[in-house]
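This report covers the internal cavity, the main pocket and one sheet of the structure below. Please read it with the model open.

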Amino acid sequence: MNTNPQPPKQALLQVTSVAKAFGGNKVLQDVNFDIAPGEVVGLLGPNGSGKSTLLNTTTGFEAVDQGHIAYNGQRIDKLAPHRIVQAGIARTFQLPSMPTKMSVIEVAMAAATRAHGFWGTLLGSPAARQAEAAAREKATELLHQLLLSHVRDLPASALSGGQKKLLGIVCALMAEPQLLMLDEPTAGVHPNLRRDIVSALQKLNTQGMTLVIVEHDMHFIREVCTRCVVLDRGHIVASCAPSELASNERVLQAYLGGSATAHTPKAELETA
């Protein structure tokens, strides 16, 4: 059995020799991997392994120190975050913050304002009005798809943690990305909403969306992901199917180190 499956040669996202340090702390070191169109890749690793930094460098929130990142064959590692969104990559955040004076649908629509620009919105031009109508239609559709229609007129800040994560996905999808990157979408989420998130992501993937998901929930990884990329201390130590995590020695070493016990994450890896 192949324990190191590789995506097809025509990659959607290519990360090549990427390094990132904060002071003397080398968070990413010579990171290389490709993601093919249509994949659902779980980005895993112990706390401090570099997962969030890799997400941030890919989406423009942190600059790389070395290496480069390409999307659809074009380098994006020098672009600002909004330019990367325009290129086709959107992301969510682990702890989404929502404005207190905007409703759920207003927040969703605001994620599409790039379509008509600030001055068009301010001046109320015909093009801006048309774009606003299109944004409202799109937001309404996505809120329905992500099971948030019943709270569309509530203040966004009044939503539960899980609902805020769903709204974060809606906002990301308003940009119509090809690649969606999610930072711990089920952390702290009620089991009922967790099922909704799993169902929504699976549906998005069947519609052609490529997904990269930072997640600690191994059951979620098993349900959703087709491949796992595992980081440890800034290095990629494995690229394998979810079912092979528990038997991969480098993954076990990353999670367990030299002090494995019956109560370590190994049990979680085995049941994933």
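In this predicted model, two elements, α6 (161–173) and β7 (179–183), each supply at least two residues of the lining of the largest cavity. The largest share comes from α6, which gives three residues. The residues that line this cavity are T92, F93, P96, K165, G168, I169, L182, D183 and P185. Sorted by class, five of them are nonpolar, two are polar and two are charged. The space in the largest cavity comes to about 50 Å³. Searching the whole structure turns up one cavity of 30 Å³ or more.

The structure also has pockets, and the largest of these has a volume of about 570 Å³. Its lining is made up of 25 residues, of which R91, F93, A111, C171 and A172 are the closest to the centre of the pocket. Two or more lining residues come from each of α2 (81–87), β6 (89–91), α3 (104–110) and α6. The most comes from α2, with five residues. F93 appears in the lining of the largest cavity and is also listed among the residues closest to the centre of the largest pocket. Likewise, α6 gives residues to the cavity lining and to the pocket lining.

The table sets the two linings side by side.

| Space | Volume | Nonpolar residues | Polar residues | Charged residues |
|---|---|---|---|---|
| Largest cavity | about 50 Å³ | five | two | two |
| Largest pocket | about 570 Å³ | 16 | seven | two |

Next comes the sheet. How are its four strands ordered? The order is β2-β1-β4-β5, the sheet is open, and the pairing is antiparallel. At the edges stand β2 (25–35) and β5 (74–75), each of which pairs on one side only. Strands of a sheet pair through backbone hydrogen bonds, in either a parallel or an antiparallel sense. Here, β1 (residues 13–22) and β4 (residues 66–71) are joined by five bridges in the antiparallel sense. Within this pair, Q14 stands opposite A70 in β4.

Which strands does helix α1 touch where it packs on the sheet? Helix α1 (residues 51–58) touches β1, β2 and β4, and its direction makes about 65° with that of β2. Of these strands, β2 is an edge strand, while β1 and β4 are the two that pair over five bridges.

Conventions
Residues numbered from 1 in each chain as written. Predicted model: local features only at pLDDT ≥ 70, side-chain atom pairs only at ≥ 80, totals over all residues. Heavy atoms only, no water. 1 Å grid on protein atoms, 1.4 Å probe; cavity = no way out; pocket = protein on both sides within 12 Å on 5 of 7 lines; lining within 4 Å. Points joined across faces, edges and corners; volume = space filled by probe spheres on them. Nonpolar A, V, L, I, M, F, W, Y, C, P; charged D, E, K, R; others polar. Pairing = 2+ DSSP bridges. Contact = heavy atoms within 4.5 Å. Axes fitted to C-alpha atoms, helices over the stretch in contact; angles between N-to-C directions.
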